[in-house]
Amino acid sequence: LHLSLRRQRQMCIRDRPIYEGKMSEKQILQDELGRLCTLQNKFIDDEEYEKAEITKRKINEIQNKIDKL
């Protein structure tokens, strides 16, 4: 479990978007994805693995929405 959360953390750091100006729906979702990844990283650092797993599920839901756009 902890290893999969750490892999997710690495993916979040790599995929975090940076935008300027008006944002599309996809960009808004990606921005939310970045915020959730930051939160998940905090939970992992604090060894709050249950919260990190819940956040991971939310991250996956948003990633699925992005993939459908």
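The legends below describe an overview and close-up views of a predicted model.

**Figure 1. Overview of the chain: three helices and zero strands.** Along the chain from the N terminus, the order is α-α-α. Helices are DSSP runs of H or I with at least four residues, strands are runs of E with at least two, and numbering starts at the N terminus. Numbering of residues starts from 1 along each chain as its sequence is written, and side-chain values use heavy atoms, without hydrogens and water. Local features need pLDDT of at least 70 and side-chain atom pairs count only at pLDDT 80 or more, while totals for chains, interfaces and linings use all residues.

**Figure 2. Burial, surface and contacts of the chain.** The chain has 69 residues, and 29% of them count as buried. Buried means under 20% relative accessible area, exposed means over 50%, and partly exposed lies in between (1.4 Å probe, protein chains only). About 5100 Å² of the chain is exposed, and 51% of that area comes from carbon and sulfur atoms. Areas follow the Shrake-Rupley method with a 1.4 Å probe; for residues, only the protein chains shown count as cover. Among contacts with a separation of 6 or more, 64% join residues 24 or more positions apart. A contact means heavy atoms within 4.5 Å.

**Figure 3. Close-up of Arg 35 and Asp 31, a salt bridge in helix 2.** The structure holds four salt bridges. Each pairs a side-chain nitrogen of Lys or Arg with a carboxyl oxygen of Asp or Glu within 4 Å. Here the closest N and O atoms are 2.3 Å apart. Helix 2 spans residues 25–45, and the two residues sit four apart in it, so about one helical turn separates them. Arg 35 is partly exposed at 45% relative accessible area. Asp 31 is partly exposed too, at 28%.

**Figure 4. Close-up of Glu 32 and Arg 35, and the network around them.** The side chains of Glu 32 and Arg 35 form a salt bridge, 3.0 Å from N to O. Both residues belong to helix 2, three residues apart, about one turn of the helix. Glu 32 has a relative accessible area of 29% and is partly exposed. A network of salt bridges links Asp 31, Glu 32 and Arg 35.

**Figure 5. Close-up of the salt bridge between Lys 51 and Glu 48.** The closest N and O atoms of this pair lie 3.0 Å apart. Lys 51 is partly exposed, with 42% relative accessible area. Glu 48 also counts as partly exposed, at 26%. Side chains of opposite charge can pair when their charged atoms come close.
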